[in-house]
Amino acid sequence: MRVDLIDKVPSGAIGTLWEGTKAIAAGFATTLKHVFRPPITEEYPEFRRVLPARTRARIVLTRDPDGGERCVACYLCSGVCPVSCISMQSAERTDGRRFAAWFRINFARCIYCGLCEEACPTSAIQLSPMFETCERDILTLVYEKEDLLVDHGGKDPDYNFYRHAGVVTAIGGKGGHIDEDPPVNVRSNMP
Amino acid sequence: MEPVSLDVTVDMDLQIWIIGTIALVLKLGAVLLFLLLMAAYLVLVERKLLGRIQVRYGPNRAGKYGLLQPFADTIKMMTKEDIVPDAADRVIFLLAPAVVAITALLMFAVIPFGPDITVYGHRVPLVVTDINVGLLFVFALSSLGVYGAALGGWSSNSKYSLLGGIRGAAQMVSYELALGLSLIPVVMEAGSFSLVDIVNAQTQLPYILLEPVAFAIFFISALAEIKRIPFDLPEAENELGAGFHTEYSGMRFGLFFLGEYVHMQVLGGLIAVFFLGGWHGPLLPGPVWLAVKIVLVCLVMIWIRGTLPRLRYDQLMNFGWKVLIPAALLNVVVTGARLLW
(Lines give C-alpha, C1' and ligand atoms only; values in the text may rest on other atoms or scores of the structure.)
Protein backbone atom coordinates (compact mmCIF):
# COMPACT_ATOMS: atom_id res chain seq x y z
CA MET A 1 0.00 0.00 0.00
CA ARG A 2 1.28 3.45 -0.86
CA VAL A 3 2.13 5.81 1.98
CA ASP A 4 -0.40 8.46 0.92
CA LEU A 5 -3.12 5.80 1.04
CA ILE A 6 -2.24 4.81 4.60
CA ASP A 7 -2.79 8.41 5.67
CA LYS A 8 -6.34 8.32 4.32
CA VAL A 9 -7.51 5.47 6.63
CA PRO A 10 -10.13 7.09 8.88
CA SER A 11 -9.71 6.80 12.62
CA GLY A 12 -13.35 6.77 13.76
CA ALA A 13 -15.15 3.55 14.68
CA ILE A 14 -17.53 3.75 11.73
CA GLY A 15 -14.71 4.58 9.35
CA THR A 16 -12.58 1.68 10.63
CA LEU A 17 -15.52 -0.68 10.32
CA TRP A 18 -16.20 0.52 6.77
CA GLU A 19 -12.56 0.18 5.77
CA GLY A 20 -12.35 -3.28 7.33
CA THR A 21 -15.51 -4.43 5.59
CA LYS A 22 -14.24 -3.10 2.29
CA ALA A 23 -10.90 -4.86 2.74
CA ILE A 24 -12.52 -8.21 3.61
CA ALA A 25 -14.93 -7.89 0.69
CA ALA A 26 -12.00 -7.23 -1.62
CA GLY A 27 -10.34 -10.40 -0.31
CA PHE A 28 -13.43 -12.48 -0.96
CA ALA A 29 -13.75 -10.98 -4.43
CA THR A 30 -10.15 -11.88 -5.20
CA THR A 31 -10.51 -15.51 -4.14
CA LEU A 32 -13.80 -15.82 -6.02
CA LYS A 33 -12.14 -14.41 -9.14
CA HIS A 34 -9.35 -16.96 -8.87
CA VAL A 35 -11.81 -19.88 -8.77
CA PHE A 36 -12.74 -19.09 -12.37
CA ARG A 37 -9.17 -18.65 -13.58
CA PRO A 38 -7.51 -21.61 -15.27
CA PRO A 39 -4.90 -23.14 -12.96
CA ILE A 40 -1.29 -22.43 -13.83
CA THR A 41 -0.16 -25.88 -12.72
CA GLU A 42 2.07 -27.83 -15.13
CA GLU A 43 0.96 -31.43 -14.63
CA TYR A 44 4.20 -33.36 -14.55
CA PRO A 45 3.96 -36.81 -16.11
CA GLU A 46 1.87 -35.47 -19.01
CA PHE A 47 3.71 -32.18 -19.36
CA ARG A 48 7.48 -32.40 -19.21
CA ARG A 49 9.11 -29.02 -19.29
CA VAL A 50 12.30 -28.91 -21.37
CA LEU A 51 15.01 -28.22 -18.85
CA PRO A 52 18.03 -25.99 -19.57
CA ALA A 53 21.10 -27.82 -20.89
CA ARG A 54 23.08 -26.91 -17.78
CA THR A 55 20.56 -28.43 -15.36
CA ARG A 56 22.46 -30.59 -12.89
CA ALA A 57 21.02 -34.09 -12.90
CA ARG A 58 22.18 -37.57 -14.01
CA ILE A 59 25.89 -37.73 -14.85
CA VAL A 60 27.03 -38.99 -18.26
CA LEU A 61 30.41 -39.78 -19.81
CA THR A 62 30.63 -38.06 -23.20
CA ARG A 63 32.63 -38.85 -26.31
CA ASP A 64 34.82 -36.59 -28.46
CA PRO A 65 33.78 -35.65 -32.04
CA ASP A 66 35.62 -38.67 -33.40
CA GLY A 67 33.62 -41.05 -31.23
CA GLY A 68 36.41 -41.86 -28.81
CA GLU A 69 35.97 -41.85 -25.06
CA ARG A 70 36.96 -38.52 -23.58
CA CYS A 71 37.73 -39.80 -20.12
CA VAL A 72 41.45 -40.16 -19.44
CA ALA A 73 40.92 -41.67 -15.97
CA CYS A 74 42.80 -38.87 -14.21
CA TYR A 75 40.87 -39.39 -10.95
CA LEU A 76 40.23 -35.63 -10.54
CA CYS A 77 36.46 -36.08 -10.43
CA SER A 78 36.80 -38.93 -7.98
CA GLY A 79 39.08 -36.80 -5.84
CA VAL A 80 36.89 -33.70 -5.83
CA CYS A 81 33.64 -35.58 -5.21
CA PRO A 82 32.46 -34.53 -1.75
CA VAL A 83 30.49 -37.72 -1.19
CA SER A 84 33.00 -40.08 -2.86
CA CYS A 85 30.47 -41.57 -5.20
CA ILE A 86 32.83 -41.85 -8.21
CA SER A 87 35.35 -44.64 -8.52
CA MET A 88 37.38 -45.95 -11.45
CA GLN A 89 40.50 -47.84 -12.55
CA SER A 90 42.83 -46.25 -15.08
CA ALA A 91 44.51 -48.12 -17.90
CA GLU A 92 46.59 -47.22 -20.98
CA ARG A 93 46.04 -48.18 -24.57
CA THR A 94 48.91 -49.26 -26.80
CA ASP A 95 48.85 -45.88 -28.58
CA GLY A 96 49.46 -44.02 -25.33
CA ARG A 97 45.89 -42.91 -24.65
CA ARG A 98 44.70 -43.37 -21.10
CA PHE A 99 41.21 -44.66 -20.44
CA ALA A 100 39.11 -45.98 -17.57
CA ALA A 101 39.14 -49.75 -17.37
CA TRP A 102 36.00 -49.45 -15.31
CA PHE A 103 34.13 -46.39 -14.14
CA ARG A 104 31.39 -46.44 -11.52
CA ILE A 105 29.07 -43.76 -10.11
CA ASN A 106 26.82 -44.52 -7.17
CA PHE A 107 23.82 -42.26 -7.82
CA ALA A 108 22.37 -43.20 -4.45
CA ARG A 109 25.13 -41.10 -2.93
CA CYS A 110 25.55 -38.42 -5.59
CA ILE A 111 24.41 -34.97 -4.51
CA TYR A 112 24.51 -33.52 -8.06
CA CYS A 113 26.85 -30.69 -7.02
CA GLY A 114 28.64 -30.63 -10.38
CA LEU A 115 32.15 -30.42 -8.93
CA CYS A 116 33.23 -33.45 -10.99
CA GLU A 117 32.22 -31.65 -14.16
CA GLU A 118 34.19 -28.57 -13.13
CA ALA A 119 37.27 -30.65 -12.29
CA CYS A 120 37.27 -32.63 -15.54
CA PRO A 121 40.11 -31.53 -17.89
CA THR A 122 38.66 -33.30 -20.93
CA SER A 123 34.92 -32.37 -20.62
CA ALA A 124 34.27 -36.09 -20.32
CA ILE A 125 32.12 -36.18 -17.23
CA GLN A 126 29.06 -33.95 -17.54
CA LEU A 127 25.80 -33.48 -15.70
CA SER A 128 22.73 -33.86 -17.92
CA PRO A 129 19.11 -32.73 -17.42
CA MET A 130 17.85 -36.31 -17.09
CA PHE A 131 16.47 -36.36 -13.56
CA GLU A 132 14.07 -39.31 -13.67
CA THR A 133 16.30 -41.85 -11.98
CA CYS A 134 14.00 -43.13 -9.22
CA GLU A 135 14.42 -46.81 -8.39
CA ARG A 136 12.87 -49.13 -5.86
CA ASP A 137 16.09 -51.10 -5.40
CA ILE A 138 18.92 -48.84 -4.30
CA LEU A 139 21.58 -51.06 -5.86
CA THR A 140 20.20 -50.35 -9.33
CA LEU A 141 21.39 -46.78 -8.80
CA VAL A 142 25.02 -47.92 -9.12
CA TYR A 143 25.87 -47.10 -12.74
CA GLU A 144 28.77 -48.77 -14.55
CA LYS A 145 30.76 -47.28 -17.41
CA GLU A 146 28.55 -48.78 -20.12
CA ASP A 147 25.50 -47.22 -18.43
CA LEU A 148 27.23 -43.83 -18.21
CA LEU A 149 28.70 -43.58 -21.70
CA VAL A 150 26.69 -41.64 -24.26
CA ASP A 151 27.38 -41.24 -27.97
CA HIS A 152 27.60 -37.46 -28.12
CA GLY A 153 29.74 -34.61 -26.83
CA GLY A 154 27.24 -33.18 -24.41
CA LYS A 155 27.53 -29.45 -23.81
CA ASP A 156 30.92 -29.22 -25.55
CA PRO A 157 30.45 -31.19 -28.78
CA ASP A 158 33.54 -29.95 -30.73
CA TYR A 159 36.17 -30.36 -28.06
CA ASN A 160 38.73 -33.13 -28.40
CA PHE A 161 41.29 -33.22 -25.63
CA TYR A 162 43.87 -35.18 -27.59
CA ARG A 163 43.92 -32.55 -30.37
CA HIS A 164 45.25 -30.07 -27.81
CA ALA A 165 47.00 -32.37 -25.40
CA GLY A 166 50.58 -32.64 -26.53
CA VAL A 167 50.49 -36.32 -25.86
CA VAL A 168 51.77 -38.59 -28.63
CA THR A 169 48.87 -40.61 -29.99
CA ALA A 170 47.57 -41.72 -33.36
CA ILE A 171 46.25 -38.16 -33.90
CA GLY A 172 49.66 -36.61 -33.90
CA GLY A 173 53.17 -36.40 -32.52
CA LYS A 174 54.69 -33.68 -30.33
CA GLY A 175 54.08 -30.24 -31.74
CA GLY A 176 51.41 -31.51 -34.11
CA HIS A 177 48.41 -30.43 -32.08
CA ILE A 178 46.16 -27.38 -32.25
CA ASP A 179 47.68 -24.20 -30.78
CA GLU A 180 50.92 -26.07 -30.17
CA ASP A 181 54.47 -25.00 -31.05
CA PRO A 182 57.10 -27.51 -32.17
CA PRO A 183 59.17 -28.88 -29.29
CA VAL A 184 61.94 -26.60 -28.09
CA ASN A 185 65.51 -27.92 -28.33
CA VAL A 186 66.55 -27.51 -24.70
CA ARG A 187 70.23 -28.04 -25.57
CA SER A 188 70.25 -24.92 -27.76
CA ASN A 189 70.11 -21.38 -26.41
CA MET A 190 68.54 -20.00 -29.61
CA PRO A 191 65.03 -18.54 -29.25
CA MET B 1 -64.88 -61.27 25.34
CA GLU B 2 -64.35 -61.00 21.64
CA PRO B 3 -61.03 -62.58 20.67
CA VAL B 4 -61.32 -61.35 17.11
CA SER B 5 -61.41 -57.64 17.99
CA LEU B 6 -58.50 -58.15 20.44
CA ASP B 7 -56.47 -59.73 17.67
CA VAL B 8 -57.21 -56.79 15.42
CA THR B 9 -55.96 -54.21 17.99
CA VAL B 10 -52.81 -56.25 18.60
CA ASP B 11 -52.33 -56.43 14.88
CA MET B 12 -52.76 -52.69 14.54
CA ASP B 13 -50.28 -51.95 17.35
CA LEU B 14 -47.82 -54.43 15.90
CA GLN B 15 -48.28 -52.99 12.43
CA ILE B 16 -47.66 -49.46 13.67
CA TRP B 17 -44.66 -50.62 15.63
CA ILE B 18 -43.19 -52.56 12.69
CA ILE B 19 -43.71 -49.71 10.25
CA GLY B 20 -42.31 -47.23 12.76
CA THR B 21 -39.22 -49.36 13.34
CA ILE B 22 -38.62 -49.97 9.67
CA ALA B 23 -39.09 -46.28 8.90
CA LEU B 24 -36.70 -45.35 11.72
CA VAL B 25 -34.02 -47.77 10.55
CA LEU B 26 -34.41 -46.56 6.97
CA LYS B 27 -34.19 -42.92 8.05
CA LEU B 28 -31.15 -43.62 10.22
CA GLY B 29 -29.50 -45.49 7.39
CA ALA B 30 -30.25 -42.77 4.86
CA VAL B 31 -29.07 -39.97 7.16
CA LEU B 32 -25.88 -41.82 8.13
CA LEU B 33 -25.10 -42.74 4.54
CA PHE B 34 -25.74 -39.18 3.40
CA LEU B 35 -23.65 -37.65 6.18
CA LEU B 36 -20.68 -39.97 5.80
CA LEU B 37 -20.60 -39.89 2.00
CA MET B 38 -21.04 -36.14 2.02
CA ALA B 39 -18.27 -35.80 4.60
CA ALA B 40 -15.93 -37.79 2.37
CA TYR B 41 -16.81 -35.79 -0.72
CA LEU B 42 -16.84 -32.50 1.16
CA VAL B 43 -13.14 -33.10 1.82
CA LEU B 44 -12.60 -33.55 -1.90
CA VAL B 45 -14.69 -30.49 -2.76
CA GLU B 46 -12.80 -28.45 -0.19
CA ARG B 47 -9.43 -29.55 -1.53
CA LYS B 48 -10.49 -28.91 -5.12
CA LEU B 49 -11.98 -25.52 -4.37
CA LEU B 50 -9.04 -24.40 -2.25
CA GLY B 51 -6.82 -25.54 -5.08
CA ARG B 52 -8.72 -23.46 -7.60
CA ILE B 53 -8.66 -20.46 -5.27
CA GLN B 54 -4.88 -20.86 -5.21
CA VAL B 55 -4.78 -21.23 -9.03
CA ARG B 56 -3.92 -24.94 -8.96
CA TYR B 57 -5.90 -28.12 -9.62
CA GLY B 58 -6.20 -29.93 -6.31
CA PRO B 59 -6.39 -33.74 -6.24
CA ASN B 60 -7.02 -35.06 -9.77
CA ARG B 61 -5.15 -38.37 -9.93
CA ALA B 62 -7.42 -40.89 -8.20
CA GLY B 63 -10.12 -41.52 -10.76
CA LYS B 64 -11.63 -38.99 -13.14
CA TYR B 65 -11.29 -35.48 -11.63
CA GLY B 66 -10.01 -37.15 -8.43
CA LEU B 67 -13.46 -38.56 -7.71
CA LEU B 68 -12.00 -41.68 -6.06
CA GLN B 69 -9.79 -39.62 -3.75
CA PRO B 70 -12.11 -40.05 -0.72
CA PHE B 71 -11.85 -43.84 -1.06
CA ALA B 72 -8.09 -43.69 -1.44
CA ASP B 73 -7.89 -41.51 1.67
CA THR B 74 -10.12 -43.86 3.63
CA ILE B 75 -8.10 -46.91 2.64
CA LYS B 76 -4.93 -45.08 3.63
CA MET B 77 -6.35 -44.07 7.00
CA MET B 78 -7.66 -47.57 7.70
CA THR B 79 -4.41 -49.32 6.90
CA LYS B 80 -2.16 -46.93 8.78
CA GLU B 81 -0.70 -47.88 12.13
CA ASP B 82 -2.81 -46.78 15.10
CA ILE B 83 -0.15 -45.21 17.30
CA VAL B 84 -0.79 -44.52 20.97
CA PRO B 85 2.03 -42.56 22.62
CA ASP B 86 3.63 -44.25 25.65
CA ALA B 87 2.88 -41.30 27.91
CA ALA B 88 -0.72 -40.93 26.77
CA ASP B 89 -3.70 -41.57 29.01
CA ARG B 90 -4.68 -44.63 27.04
CA VAL B 91 -8.42 -44.97 27.63
CA ILE B 92 -9.22 -41.28 27.13
CA PHE B 93 -6.84 -41.07 24.20
CA LEU B 94 -8.67 -43.91 22.47
CA LEU B 95 -12.14 -42.53 23.26
CA ALA B 96 -11.68 -38.85 22.38
CA PRO B 97 -12.02 -39.17 18.57
CA ALA B 98 -15.23 -41.15 19.01
CA VAL B 99 -16.69 -38.35 21.16
CA VAL B 100 -16.09 -35.85 18.37
CA ALA B 101 -17.55 -38.07 15.65
CA ILE B 102 -20.54 -39.31 17.69
CA THR B 103 -21.66 -35.90 18.93
CA ALA B 104 -21.43 -34.55 15.41
CA LEU B 105 -23.49 -37.43 14.00
CA LEU B 106 -26.08 -37.35 16.78
CA MET B 107 -26.81 -33.68 16.22
CA PHE B 108 -28.33 -34.45 12.86
CA ALA B 109 -31.02 -36.55 14.58
CA VAL B 110 -33.25 -33.52 15.22
CA ILE B 111 -32.84 -31.84 11.85
CA PRO B 112 -35.99 -32.30 9.77
CA PHE B 113 -35.32 -33.06 6.12
CA GLY B 114 -38.79 -33.05 4.65
CA PRO B 115 -42.52 -32.85 5.26
CA ASP B 116 -44.42 -35.75 6.84
CA ILE B 117 -45.10 -38.54 4.39
CA THR B 118 -47.77 -41.23 4.52
CA VAL B 119 -46.80 -44.90 4.25
CA TYR B 120 -49.71 -47.46 4.19
CA GLY B 121 -51.93 -44.94 5.92
CA HIS B 122 -49.39 -44.17 8.65
CA ARG B 123 -47.85 -40.77 9.13
CA VAL B 124 -44.03 -40.91 9.00
CA PRO B 125 -42.23 -37.66 9.84
CA LEU B 126 -39.05 -37.06 7.82
CA VAL B 127 -36.90 -36.43 10.85
CA VAL B 128 -35.06 -39.03 12.90
CA THR B 129 -36.60 -37.75 16.11
CA ASP B 130 -38.68 -34.64 16.76
CA ILE B 131 -37.75 -33.64 20.32
CA ASN B 132 -39.74 -30.68 21.60
CA VAL B 133 -36.50 -29.21 22.96
CA GLY B 134 -34.50 -30.10 19.84
CA LEU B 135 -32.56 -26.86 19.96
CA LEU B 136 -31.34 -27.58 23.50
CA PHE B 137 -30.41 -31.09 22.41
CA VAL B 138 -28.26 -29.60 19.67
CA PHE B 139 -26.52 -27.30 22.12
CA ALA B 140 -25.99 -30.09 24.64
CA LEU B 141 -24.25 -32.21 22.00
CA SER B 142 -22.36 -29.24 20.65
CA SER B 143 -20.97 -28.60 24.13
CA LEU B 144 -20.14 -32.27 24.55
CA GLY B 145 -18.15 -32.11 21.33
CA VAL B 146 -15.75 -29.80 23.16
CA TYR B 147 -14.73 -32.76 25.29
CA GLY B 148 -13.47 -34.60 22.23
CA ALA B 149 -10.97 -31.87 21.41
CA ALA B 150 -10.09 -30.99 25.00
CA LEU B 151 -9.65 -34.56 26.22
CA GLY B 152 -7.88 -35.61 23.04
CA GLY B 153 -5.42 -32.77 23.54
CA TRP B 154 -4.98 -33.45 27.23
CA SER B 155 -4.63 -37.23 27.06
CA SER B 156 -1.98 -37.09 24.32
CA ASN B 157 0.42 -35.77 26.96
CA SER B 158 2.16 -33.56 24.44
CA LYS B 159 2.56 -29.83 24.85
CA TYR B 160 1.23 -28.99 21.41
CA SER B 161 -1.82 -31.16 21.87
CA LEU B 162 -2.47 -29.72 25.32
CA LEU B 163 -2.23 -26.17 24.05
CA GLY B 164 -4.56 -27.04 21.18
CA GLY B 165 -7.02 -28.74 23.50
CA ILE B 166 -7.06 -25.81 25.92
CA ARG B 167 -7.51 -23.35 23.09
CA GLY B 168 -10.32 -25.49 21.74
CA ALA B 169 -12.08 -25.67 25.09
CA ALA B 170 -11.76 -21.94 25.82
CA GLN B 171 -12.81 -20.97 22.31
CA MET B 172 -15.78 -23.27 22.13
CA VAL B 173 -17.05 -22.35 25.58
CA SER B 174 -16.92 -18.65 24.69
CA TYR B 175 -18.54 -19.07 21.31
CA GLU B 176 -21.19 -21.44 22.61
CA LEU B 177 -22.70 -18.45 24.44
CA ALA B 178 -22.96 -16.30 21.32
CA LEU B 179 -24.23 -19.33 19.38
CA GLY B 180 -27.01 -19.91 21.89
CA LEU B 181 -27.91 -16.27 22.37
CA SER B 182 -28.10 -15.64 18.63
CA LEU B 183 -30.83 -18.28 18.32
CA ILE B 184 -33.10 -16.87 21.02
CA PRO B 185 -34.69 -14.40 18.55
CA VAL B 186 -35.40 -17.36 16.25
CA VAL B 187 -37.07 -19.23 19.10
CA MET B 188 -39.04 -16.09 19.95
CA GLU B 189 -40.24 -15.79 16.36
CA ALA B 190 -41.19 -19.45 16.04
CA GLY B 191 -42.44 -19.86 19.59
CA SER B 192 -40.92 -23.33 19.88
CA PHE B 193 -37.67 -25.15 20.64
CA SER B 194 -38.57 -27.94 18.23
CA LEU B 195 -36.65 -27.77 14.97
CA VAL B 196 -39.66 -29.12 13.10
CA ASP B 197 -41.80 -26.24 14.36
CA ILE B 198 -39.07 -23.73 13.55
CA VAL B 199 -38.94 -24.99 9.98
CA ASN B 200 -42.71 -24.97 9.67
CA ALA B 201 -42.80 -21.38 10.94
CA GLN B 202 -40.66 -20.36 7.96
CA THR B 203 -43.06 -21.51 5.26
CA GLN B 204 -43.67 -17.91 4.19
CA LEU B 205 -40.43 -16.13 5.00
CA PRO B 206 -37.00 -17.54 5.91
CA TYR B 207 -35.65 -16.05 9.13
CA ILE B 208 -32.50 -14.75 7.44
CA LEU B 209 -34.66 -11.85 6.21
CA LEU B 210 -36.25 -11.27 9.61
CA GLU B 211 -33.11 -11.79 11.68
CA PRO B 212 -30.03 -10.94 9.61
CA VAL B 213 -28.01 -10.00 12.71
CA ALA B 214 -28.82 -13.30 14.40
CA PHE B 215 -27.79 -15.07 11.20
CA ALA B 216 -24.43 -13.28 11.07
CA ILE B 217 -23.69 -13.98 14.74
CA PHE B 218 -24.76 -17.62 14.41
CA PHE B 219 -22.66 -18.14 11.29
CA ILE B 220 -19.53 -16.62 12.85
CA SER B 221 -20.00 -18.56 16.09
CA ALA B 222 -20.63 -21.72 14.08
CA LEU B 223 -17.29 -21.27 12.33
CA ALA B 224 -15.63 -21.01 15.74
CA GLU B 225 -17.61 -23.98 16.99
CA ILE B 226 -16.37 -26.28 14.25
CA LYS B 227 -12.82 -24.94 14.55
CA ARG B 228 -12.55 -23.67 11.00
CA ILE B 229 -10.53 -20.81 9.61
CA PRO B 230 -10.48 -18.00 10.74
CA PHE B 231 -11.06 -19.66 14.13
CA ASP B 232 -8.93 -22.79 13.72
CA LEU B 233 -6.63 -21.99 16.63
CA PRO B 234 -7.00 -25.42 18.29
CA GLU B 235 -5.34 -27.07 15.32
CA ALA B 236 -3.17 -24.16 14.19
CA GLU B 237 -0.77 -26.09 11.99
CA ASN B 238 1.84 -23.36 11.94
CA GLU B 239 2.51 -23.02 15.64
CA LEU B 240 1.00 -26.17 17.18
CA GLY B 241 1.75 -28.87 14.66
CA ALA B 242 -1.83 -30.01 14.43
CA GLY B 243 -3.05 -28.94 17.86
CA PHE B 244 -5.22 -31.41 19.69
CA HIS B 245 -4.78 -34.18 17.12
CA THR B 246 -0.99 -33.92 16.77
CA GLU B 247 -0.44 -37.38 18.29
CA TYR B 248 -3.25 -39.16 16.47
CA SER B 249 -2.72 -41.37 13.46
CA GLY B 250 -4.66 -43.74 11.26
CA MET B 251 -8.41 -44.00 11.60
CA ARG B 252 -8.49 -42.20 14.96
CA PHE B 253 -7.18 -39.12 13.21
CA GLY B 254 -9.69 -39.99 10.50
CA LEU B 255 -12.49 -39.87 13.08
CA PHE B 256 -11.45 -36.38 14.17
CA PHE B 257 -11.44 -35.40 10.53
CA LEU B 258 -14.77 -37.07 9.86
CA GLY B 259 -16.27 -35.44 12.94
CA GLU B 260 -15.11 -32.06 11.72
CA TYR B 261 -16.70 -32.46 8.32
CA VAL B 262 -19.90 -33.98 9.69
CA HIS B 263 -20.02 -31.07 12.11
CA MET B 264 -19.67 -28.73 9.15
CA GLN B 265 -22.70 -30.32 7.50
CA VAL B 266 -24.68 -30.34 10.73
CA LEU B 267 -24.07 -26.65 11.21
CA GLY B 268 -24.93 -26.15 7.55
CA GLY B 269 -28.15 -28.03 8.29
CA LEU B 270 -28.78 -25.94 11.41
CA ILE B 271 -28.23 -22.71 9.50
CA ALA B 272 -30.64 -24.00 6.88
CA VAL B 273 -33.19 -24.94 9.55
CA PHE B 274 -32.94 -21.74 11.59
CA PHE B 275 -32.44 -19.14 8.89
CA LEU B 276 -32.88 -20.49 5.37
CA GLY B 277 -36.27 -22.15 5.74
CA GLY B 278 -35.07 -25.74 6.22
CA TRP B 279 -36.44 -28.09 3.58
CA HIS B 280 -38.91 -25.52 2.24
CA GLY B 281 -38.36 -24.51 -1.35
CA PRO B 282 -40.07 -24.46 -4.73
CA LEU B 283 -40.18 -27.36 -7.22
CA LEU B 284 -37.63 -29.75 -5.66
CA PRO B 285 -38.58 -32.20 -2.87
CA GLY B 286 -37.73 -31.32 0.74
CA PRO B 287 -34.63 -33.48 1.33
CA VAL B 288 -33.05 -32.17 -1.88
CA TRP B 289 -33.61 -28.57 -0.83
CA LEU B 290 -32.06 -29.25 2.56
CA ALA B 291 -29.04 -30.91 0.89
CA VAL B 292 -28.69 -27.97 -1.49
CA LYS B 293 -28.73 -25.51 1.40
CA ILE B 294 -26.23 -27.56 3.40
CA VAL B 295 -23.88 -27.72 0.43
CA LEU B 296 -24.24 -23.99 -0.14
CA VAL B 297 -23.35 -23.19 3.46
CA CYS B 298 -20.39 -25.57 3.29
CA LEU B 299 -19.19 -23.93 0.07
CA VAL B 300 -19.31 -20.53 1.75
CA MET B 301 -17.31 -21.98 4.66
CA ILE B 302 -14.70 -23.25 2.21
CA TRP B 303 -14.64 -19.86 0.49
CA ILE B 304 -14.01 -18.24 3.88
CA ARG B 305 -11.22 -20.72 4.53
CA GLY B 306 -9.63 -19.82 1.23
CA THR B 307 -9.76 -16.10 1.99
CA LEU B 308 -9.27 -15.20 5.63
CA PRO B 309 -6.18 -15.62 7.80
CA ARG B 310 -6.30 -17.11 11.29
CA LEU B 311 -7.13 -14.78 14.18
CA ARG B 312 -4.76 -14.34 17.07
CA TYR B 313 -5.92 -15.84 20.37
CA ASP B 314 -6.60 -12.51 22.09
CA GLN B 315 -8.41 -11.21 19.00
CA LEU B 316 -10.58 -14.31 19.05
CA MET B 317 -11.49 -13.88 22.72
CA ASN B 318 -12.05 -10.14 22.37
CA PHE B 319 -14.29 -10.63 19.37
CA GLY B 320 -16.34 -13.34 21.06
CA TRP B 321 -16.88 -11.69 24.43
CA LYS B 322 -16.86 -8.01 23.52
CA VAL B 323 -18.58 -8.00 20.14
CA LEU B 324 -20.62 -11.13 19.47
CA ILE B 325 -22.21 -11.68 22.88
CA PRO B 326 -23.29 -8.02 23.41
CA ALA B 327 -24.57 -7.92 19.84
CA ALA B 328 -26.52 -11.13 20.39
CA LEU B 329 -28.01 -9.79 23.65
CA LEU B 330 -28.98 -6.55 21.97
CA ASN B 331 -30.56 -8.51 19.16
CA VAL B 332 -32.66 -10.45 21.67
CA VAL B 333 -33.91 -7.17 23.17
CA VAL B 334 -34.65 -5.64 19.77
CA THR B 335 -36.52 -8.73 18.60
CA GLY B 336 -38.49 -8.81 21.84
CA ALA B 337 -39.44 -5.18 21.41
CA ARG B 338 -40.48 -5.77 17.82
CA LEU B 339 -42.62 -8.80 18.73
CA LEU B 340 -44.20 -6.93 21.64
CA TRP B 341 -45.28 -3.90 19.66
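This passage describes a helix pair and a long-span helix in chain B, and a sheet in chain A, of a predicted model. Local features rest on pLDDT of at least 70 and side-chain atom pairs on pLDDT 80 or more, whereas totals for chains, interfaces and linings use all residues. Residues are numbered from 1 along each chain as its sequence is written, with chains lettered from A and ligands numbered from 1 in the order in which they are written.

In chain B, helix H5 (residues 159–190; helices are DSSP runs of H or I of at least four residues, strands E runs of at least two, numbered from the N terminus) comprises 32 residues and reaches 46 Å from its first C-alpha to its last, close to the 46 Å expected (1.5 Å times one less than the number of residues). A kink of about 25° (the angle between axes fitted to the seven residues ending at a residue and the seven starting there) lies at B:Ile184, shortly before B:Pro185, and B:Gly191, just after H5(B), takes a positive phi of about 70°.

Helices H10 (residues 250–275) and H11 (residues 286–307) of chain B pack at about 115°, with axes 8 Å apart; axes are lines fitted to C-alpha atoms over the stretch in contact, and angles run from 0 to 180 degrees between N-to-C directions.

In chain A, three strands form an open antiparallel sheet in the order E2-E3-E5, pairing being assigned where DSSP finds at least two bridges. Strands E2 (86–92) and E5 (142–143) stand at the edges, each with a single partner strand, so one side of each lacks a neighbour in the sheet. E2(A) pairs with E3(A) (residues 98–106) over seven bridges, and A:Ser87 has A:Arg104 as its bridge partner in E3(A).
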